[in-house]
Amino acid sequence: MKTKKLLITIFGLLAIAAMLVACAPAAEEAAPAEEAPAEEEEVVEEVVEEEVVEEPLYIPVISKGFQHAFWLAVEKGAEQAAADYGVTITFEGPETEAQVDKQMDMLQAAIDKNPVGICFAAVDSKAAIPLLEQADEKGIIIVGFDSGVDSDVPLATAATDNIAAAALAADKMVELIGGAGEVAVIAHDNTSRTGIDRVDGFVGQVEAEYSDVVTVVDVQYGAGDHLKSTDLAKAIIQANPDLKGFFGANEGSIIGVLNAATELGRDDLVIIGYDSGQQQIAAIKSGQEAGAITQNPIGIGYKCVEAVVKAHGGETLEEFIDTGFMWFDADNIDDAEIVAVLYE
């Protein structure tokens, strides 16, 4: 009996030992669970790396309007600069250049987004000053384009030398009317820098160089609107039967002059324009319009965005970025250098 009990005890101990051996692999298999935190650390590191990726610089571009093809050409230039420099832009403007309040709302909205910089073409050279000062206090870079403001807040303005360009238009006018006579002007406004400078450039050149032989009989402002400019031009022509020449200071203004001359049958008028556009190009090719001053709208849009990027990078900007101008007429309208800056 004792032998039997001893055998049972031995078998029992062997069974317990076997059970302990069987449980050992499970403990070893559980060990890798302790490595899980390392995997979590790798995930955290990947998330951190994603968070430090820099977003492209954001630059709102606020124009004076969209009613003329000129602004579409400026937008094209701004988009090209954005692509070249790897930045993000938005391009907007009021429906007409008379909507000062609407442009101010757009400027305020742009400032509230805290962009690196803003490109701004002022409808009113004074109205935007308080908002631009607000932007300056927030460290937002301001670069003007086409039409500047009466403030030193903008670091630079990319634009045509409108006084010099309009003076060239006056020289051409005097030459084409035969050196003497009465002329008139339709401009878009007397509040924007472009409107003021183009009238001053044209009238100032006549008064400085030709006052004894040429008279500017009237200057009117049609807000760049075709219909309003047409009515104003017709009234001037009818009130001045001896009128020899007419200068339209932007695309909308010159279309008004062309319409008025057509409606009144005045094909004897020397008509000189500014900018381009399909109707004006056709008028020059047909001989109804003597010629025009072309700006470089694509260059204006490009240089403005480029200037913000350069200023953000620490470069010093020239206060005035001259984007150039040229005279074009039926003789050179198809030249490569002219075609490059015209728009339809």
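**Exercise 1. The lining of the largest cavity**

Task: In this predicted model, find which helices each supply at least two residues of the lining of the largest cavity, then describe the space itself.

Solution, step by step:

- Start with the helices: H3 and helix H7 (193-209) each give at least two residues to the lining of the largest cavity.
- Next, take the lining as a whole. It consists of 13 residues, and those nearest the centre of the cavity are Trp71, Glu97, Arg198, Asn250 and Asp275.
- Sort the lining by character: 2 residues are nonpolar, 5 are polar and 6 are charged.
- Now add the volume, which is about 90 Å³ for the largest cavity.
- Finally, count the cavities of 30 Å³ or more: there is 1.

**Exercise 2. From S1 to its partners**

Task: Work out which strands pair with S1 and in what sense they run, and then follow the chain from S1 to S2.

Solution, step by step:

- Look at S1 first. Strand S1 spans residues 58-62, and 4 of its 5 residues are buried.
- Turn to strand S2 (residues 88-92), which is parallel to S1 and joined to it by 5 bridges. Within this pair, valine 61 is opposite phenylalanine 91 of S2.
- Trace the connection: leaving S1, the chain passes through helix H3 (residues 69-85) and arrives at S2, in a right-handed β-α-β crossover.
- Then take strand S3 (residues 117-120), which is also parallel to S1 and pairs with it over 2 bridges. Here isoleucine 62 is opposite phenylalanine 120 of S3.

**Exercise 3. The two faces of S2**

Task: Which side chains of S2 point to one face and are buried, and which point to the other?

Solution, step by step:

- Recall the general pattern: in a regular strand, side chains alternate between the two faces of the sheet.
- Apply the pattern to S2: Ile89 and Phe91 point to one face, and both are buried.
- Complete the strand with Thr88, Thr90 and Glu92, which point to the other face and are not buried.

**Exercise 4. A lysine in a loop**

Task: Decide whether lysine 64 is buried or exposed, and find its side-chain partners.

Solution, step by step:

- Locate the residue: lysine 64 sits in the loop between S1 and H3.
- Check its accessibility. The relative value is 1%, and buried means under 20%, so lysine 64 counts as buried.
- List polar contacts of its side chain. One is with the side chain of serine 192, at 3.2 Å, and another is with the side chain of threonine 194, at 2.9 Å.

**Exercise 5. The largest pocket and helix H6**

Task: Describe the largest pocket, and then examine asparagine 162 in helix H6.

Solution, step by step:

- Begin with volume and lining: the largest pocket holds about 280 Å³ of space. Its lining has 20 residues, with Gly148, Thr157, Arg193, Glu319 and Phe320 nearest the centre.
- Assign the lining to elements: strand S5 (156-159), helix H6 (162-176) and H7 give two or more residues each.
- Sort these lining residues into 7 nonpolar, 7 polar and 6 charged.
- Move to asparagine 162, which is found in helix H6. Its relative accessible area is 4%, so asparagine 162 is buried.
- End with a long-range pair: asparagine 162 and glycine 324 are 162 residues apart in sequence, with 9.4 Å between their C-alpha atoms.

How values were computed: Residues numbered from 1 in each chain as written. Predicted model: local features only at pLDDT ≥ 70, side-chain atom pairs only at ≥ 80, totals over all residues. Heavy atoms only, no water. Buried < 20%, exposed > 50% of the residue type's maximum accessible area, 1.4 Å probe, protein only. Helix = DSSP H or I, 4+ residues; strand = E, 2+ residues; numbered from the N terminus. Pairing = 2+ DSSP bridges. Right-handed = clockwise from strand over helix to strand, strands pointing away. 1 Å grid on protein atoms, 1.4 Å probe; cavity = no way out; pocket = protein on both sides within 12 Å on 5 of 7 lines; lining within 4 Å. Points joined across faces, edges and corners; volume = space filled by probe spheres on them. Nonpolar A, V, L, I, M, F, W, Y, C, P; charged D, E, K, R; others polar. Polar contact = N/O pair within 3.5 Å; in protein donor to acceptor, adjacent residues only side chain to side chain.
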